[in-house]
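Colleague: I'm new to this one, and I'd like to learn how to read it feature by feature. Could you walk me through it?

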Amino acid sequence: MLLGIVVCTGWAVAGRQCLVGWRKLPGEFRIALAAWLGALGASAAFGSFVSPAALFLPLLAVGWFLLVMSVRPRAEDLALALLVSGAVVACVALFQFSGADPFALAGWGPAGGLGSRMRVYATLGNPNFVAAFLVGVLPVTFFWRPRFPAARWLVLLVLVAEVCALLATGSRSVLPGLGICLVWLAWVGRPARWRQFGAAAVLLGVLAVALAPSRPLATTLRGRFYTWRIAAPHATERMLFGWGPGGFAAKYPEWETQRWASQPPAATDRAFAGLQDHAHNDYLEMLVDFGAAGLLGFLAVLVSFLRFARREAIPIGGRLALGASGSVVALAGVALVDFPFMRPAELFLLWSLMAVAYLAAAEGVAGKQGKGRG
């Protein structure tokens, strides 16, 4: 609600300037973004379900992106804000892991109980949510460079805190994100820029699998596959525009009941039966909610951004654009086994990271033009 108030107020004050920011975006990205927004509108108009939260959350996130692009802060400052956010989340998570939950002073506690893993909910409510947010800020934090060399030790401490907090969450959903991020960095980054990050990420992944205080990885995967098996056969029933925003949560109980009636579940599947608000795969959920038009529109946004990042933002914007693009890819990888793009924190983080890359490229172009005139 607070994010919505900020975005709507910003547009009320600077709506015309936001449209100017829209015109400064690359044409390919604008086409993809317009297709994504059009698909959202068509899904809401023709779908059977319209959840206000599922509809307005992506619209507000895009509004936030355009607002940032109109205000045009320095890319380094925006990245610093994300770094500070990651540091705060990591520190709160580590306090909770050590048994010193700051929210306990107000009588608050985790929704899932006080287990060794569930108590690490930071400011987001669930260990998986915390892990997704942290893996989204980790690459941009790694590649961010402070103006003063003495502050590099502080950035190193933030990185250590984020890694320790990631391990404390016990989440394995970050593994696809880290893996895909490494592939991206190896493709677009110079060896000196990604080898250290790659070695650290591999070590983090190994430790996450070996030390995670959560249920066995095989059990986690069976739970994901169970949900996907229930939903996937129905994903194409409304192929073009889907069931509407929030359609997955509304239809899943019906689909699960039908499957159980036609095919008795195996004993290992009974533990996963029950209501599911999300598919734990954002791309499958988008296909159900928004149809092929919505899924392809969102993928077009990601692909057009990554094309721009590889072609212009990274060569011009340097380390900061590289880190921001790596963070975007990491979140996209997590979305294969989780639902970060259905949550406000990670979705706004995604669009903020894209803004960092675009701003870094624009500042690089302006800097070169200034030197040319000089």
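Modeller: Sure, let's begin with the largest pocket: helix 3 supplies the largest share of its lining, eight residues. Keep in mind throughout that this is a predicted model.

Colleague: How do I read a pocket in general, and what volume does the largest pocket have?

Modeller: The general idea is that rolling a probe the size of a water molecule over the atoms shows where empty space is left. Here, the largest pocket comes out at a volume of about 860 Å³.

Colleague: Which elements give two or more residues to the lining of the largest pocket?

Modeller: Those elements are helix 1 (2-23), helix 3 (52-71), helix 4 (75-97), helix 11 and helix 13 (344-373). In total, 37 residues line the pocket, and L3, L57, R343, P344 and A345 are the ones nearest its centre.

Colleague: And how many residues of that lining are nonpolar, polar and charged?

Modeller: The lining splits into 27 nonpolar, six polar and four charged residues.

Colleague: R343 was on your list for the pocket centre. Which residue does the R343 side chain meet in a salt bridge?

Modeller: General idea for this one: side chains of opposite charge can pair when their charged atoms come close. In this model R343 pairs with D338, at 3.1 Å from N to O. Both D338 and R343 are buried.

Colleague: How many salt bridges does the count come to?

Modeller: Seven, by the rule used here. Another one joins E28 and R307, whose closest N and O atoms are 2.9 Å apart. E28 sits in helix 2 (residues 27-46) and R307 in helix 11 (residues 282-317), so this pair ties together parts that are 279 residues apart in sequence.

Colleague: Are E28 and R307 buried, partly exposed or exposed?

Modeller: E28 has a relative accessible area of 33%, so it's partly exposed. R307 is at 44% relative accessibility, so R307 counts as partly exposed too.

Colleague: Any other salt bridges I should look up?

Modeller: Try E312 and R311, whose side chains meet at 3.5 Å, N to O. E312 is partly exposed at 33% relative accessible area, and R311 is partly exposed at 42%. There's also a network of salt bridges linking R74, E76 and D77.

Colleague: Let's turn to the nonpolar core. Which residues of the largest nonpolar core touch the most other members?

Modeller: As background, in soluble globular proteins, nonpolar side chains tend to be buried together. The largest nonpolar core here has 108 residues, and F29, W36, F65, F341, L350, W351 and M354 touch the most other members. Helix 11 provides the largest share of this core, 16 residues.

Colleague: Take M354, then. What is M354 in contact with, beyond its neighbours in sequence?

Modeller: Setting aside residues within four places in sequence, M354 contacts F29, F65, V301, F305 and V328. F305 turns up again around S325, which also touches W184, L306, A309 and I314 once residues up to four places away are left out.

Colleague: Where does S325 lie, and is S325 buried or exposed?

Modeller: S325 lies in helix 12 (residues 319-334). Buried means under 20% relative accessible area, and S325 is at 0%, so S325 counts as buried.

Colleague: Could we compare that with L167: where does L167 lie?

Modeller: L167 is in helix 6 (residues 152-169). With 24% relative accessibility, L167 counts as partly exposed. From C-alpha to C-alpha, L167 and A131 are 8.5 Å apart in space, with their positions 36 residues apart in sequence.

Key
Residues numbered from 1 in each chain as written. Predicted model: local features only at pLDDT ≥ 70, side-chain atom pairs only at ≥ 80, totals over all residues. Heavy atoms only, no water. Helix = DSSP H or I, 4+ residues; strand = E, 2+ residues; numbered from the N terminus. Buried < 20%, exposed > 50% of the residue type's maximum accessible area, 1.4 Å probe, protein only. Contact = heavy atoms within 4.5 Å. Salt bridge = Lys/Arg side-chain N within 4 Å of Asp/Glu carboxyl O. Core = buried A, V, L, I, M, F, W, Y, C linked by side-chain atoms within 4.5 Å. 1 Å grid on protein atoms, 1.4 Å probe; cavity = no way out; pocket = protein on both sides within 12 Å on 5 of 7 lines; lining within 4 Å. Points joined across faces, edges and corners; volume = space filled by probe spheres on them. Nonpolar A, V, L, I, M, F, W, Y, C, P; charged D, E, K, R; others polar.
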